[in-house]
Amino acid sequence: MAHEVRGVIARGKGAEVAVTTVIVPDPGPGEALVRVRACGVCHTDLHYREGGIGEDFPYLLGHEAAGTVEAVGSDVTGLEPGDFVILNWRAVCGQCRACRRGRPWYCFATHNAAQKMTLTDGTTLSPALGIGAFAEKTLVAAGQCTKVDPRIRPEVAGLLGCGVMAGLGAALNTAAVSRGDSVAVIGCGGVGNAAVLGARLAGARKIIAVDVDPGKLAWARDFGATDVINSREADPVESIRALTEENGADVVIEAVGRPETYTQAFYARDLAGTVVLVGVPTPDMKLELPLLDFFGRGGSLKSSWYGDCLPSRDFPMLVDLHLQGRLPLEKFVSETIALDKVEDAFAKMQRGEVLRSVVVL
């Protein structure tokens, strides 16, 4: 049996997205059919629309989602209809060299549903990050479903599926921020402010937020930044050093994804400090640093892919913290919208007016 649902697709590079009918098959072996209840509008979806990730158009957009399992295929264990889940794009295989070494958050063989969703004329769709959740229903690999406490609101839960997890994980997992650390975050959109929140949760003593937008810096204050720097008005490297006894920060998280801001992060860290790149660069970007500076400063330069998260470990824990009132995830939801407002949400995101627009179905 196939299901006809409404979904948001990108037909070509730079073209406005459109709501159309999508055909979703029943789940086969190892797959799950999920009724989507909410999906955040992430910058990655805009990258797909702009052709910045690939050119396998048409794309079924949306990936930062939560929903209810409607059916599962054969060979699926630990998941059943009615389960409330957050969708994740890292379905850990358990067999690759990273998994065998006890580092499943680096899994090299994550998988998606084998069957394809299509348009009514049979055209195969490419689901964003293997999920495609700007739709009333979607088909995913069962391993992409992480069960969490259903008391959390769907529009909040879904944010852990990508952007908020990326920022929290950059601080908590990749950088391993610890009590008493000084942390600087360059770029204070959704991911950057999640990193601010993660640093606060970890017990950082000083959290410095850097951006060019006063509104985003105000958001950062609300998430726990102790100091803010408008880099249009002051040199961020000098300002971070001035706020850290001229030493530089123990951890600098770059949440923009540009060579210029990464270079700032590199020089704004303490001698043995850590730089974490969580901002997503485009394929044409290059970084040039004096090798002697790299050698002489020590410390660590890391990239954070999905916040180095393990969904089965991190999602339930973070949901529990939220339900306890210790993790204010609801502050990331700037607005809830309908499926046909995704294009408007992209424009608001580009203008810096929202942290997250969330499609609610």
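Which residue of strand 14 is the bridge partner of Ile-186? In this predicted model, the bridge partner of Ile-186 in strand 14 is Glu-254, and the first legend below takes up the strands around that pair.

**Figure 1. Close-up of strand 14 and the two strands that pair with it in the predicted model.** Strand 14, which covers residues 249–254, has five of its six residues buried, so it is largely enclosed by the rest of the structure. Strand 11 (residues 182–186) pairs with strand 14 in the parallel sense over four bridges, and the bridge between Ile-186 and Glu-254 belongs to this view. Strand 15 (residues 269–277) also runs parallel to strand 14, to which five bridges join it; here the bridge partner of Ile-253 is Val-276 in strand 15. Taken together with helix 8, strands 14 and 15 make a β-α-β unit that is right-handed.

**Figure 2. Close-up of the largest pocket and its lining.** The volume of the largest pocket is about 1300 Å³, and 47 residues line it. The lining residues that lie nearest the centre of this pocket are His-43, Ala-255, Val-256, Gly-279 and Val-280. Several elements supply at least two residues each to the lining, among them helix 1 (43–49), helix 4 (163–174), strand 12 (206–211) and helix 8 (259–268); helix 8 is also the helix of the right-handed β-α-β unit shown in Figure 1. By residue class, the lining of the largest pocket divides into 24 nonpolar, 19 polar and four charged residues.

**Figure 3. Close-up of the second largest pocket.** This pocket has a volume of about 330 Å³ and a lining of 17 residues. Nearest its centre lie Tyr-48, Asn-112, Pro-127, Leu-129 and Gly-130. Ten residues of this lining are nonpolar, five are polar and two are charged.

**Figure 4. Close-up of the salt bridge between Arg-356 and Glu-64.** The count of salt bridges in the model comes to 16, and in the one shown here the closest N and O atoms of Arg-356 and Glu-64 are 2.8 Å apart. The pair links distant parts of the chain, with Arg-356 in the loop between helix 11 and strand 18 (357–360) and Glu-64 in strand 5 (residues 64–72), 292 residues apart. Arg-356 counts as buried because its relative accessible area is 7%, and Glu-64 is likewise buried, with a relative accessibility of 0%.

**Figure 5. Close-up of the salt bridge between Arg-49 and Glu-50.** The side chains of these two residues meet at an N to O distance of 2.4 Å. Arg-49 has a relative accessible area of 8% and is therefore buried, whereas Glu-50, with a relative accessible area of 33%, is partly exposed.

**Figure 6. Close-up of the salt-bridge network of Arg-35, Glu-70 and Lys-137.** Within this network, Glu-70 forms a salt bridge with Lys-137, and the closest N and O atoms of the two are 2.6 Å apart. This pair, too, links distant parts of the chain, since Glu-70 is in strand 5 and Lys-137 is in strand 9 (residues 137–141), 67 residues apart. Glu-70 is partly exposed, with a relative accessible area of 29%, while Lys-137 is buried, with a value of 10%. Glu-136, in the loop between strand 8 (126–127) and strand 9, is partly exposed at a relative accessible area of 22%. Glu-136 and Arg-35 are 101 residues apart in sequence, yet their C-alpha atoms are 6.0 Å apart in space.

**Figure 7. Close-ups of backbone geometry at Pro-58, Asp-75 and Glu-246.** The peptide bond from Phe-57 to Pro-58 is cis, with omega near 0°, and Pro-58 is found in the loop between helix 1 and strand 4 (59–60). Asp-75, although not a glycine, has a positive phi of about 70°; Asp-75 lies in the loop between strand 5 and strand 6 (84–87) and is exposed, with a relative accessible area of 71%. Glu-246 is another residue other than glycine with a positive phi, here near 65°, and Glu-246 is found in the loop between helix 7 (236–242) and strand 14.

Conventions
Residues are numbered from 1 along each chain as its sequence is written. This is a predicted model: local features need pLDDT of at least 70, side-chain atom pairs count only at pLDDT 80 or more; totals for chains, interfaces and linings use all residues. Side-chain values use heavy atoms; hydrogens and water are left out. On a 1 Å grid over the protein atoms alone, a cavity is a set of points where a 1.4 Å probe fits but cannot get out, and a pocket is an open set with protein on both sides within 12 Å along at least five of seven lines; lining residues have an atom within 4 Å of a point. Grid points are joined across faces, edges and corners, and a volume is the space filled by probe spheres set on the points. Ala, Val, Leu, Ile, Met, Phe, Trp, Tyr, Cys and Pro count as nonpolar, Asp, Glu, Lys and Arg as charged, and the others, Gly among them, as polar. A salt bridge is a side-chain nitrogen of Lys or Arg within 4 Å of a carboxyl oxygen of Asp or Glu. Buried means under 20% relative accessible area, exposed over 50%, partly exposed in between (1.4 Å probe, protein chains only). Two strands pair if DSSP finds at least two bridges between them. A crossover is right-handed if, with the strands pointing away from the viewer, the path from the first strand over the helix to the second runs clockwise.
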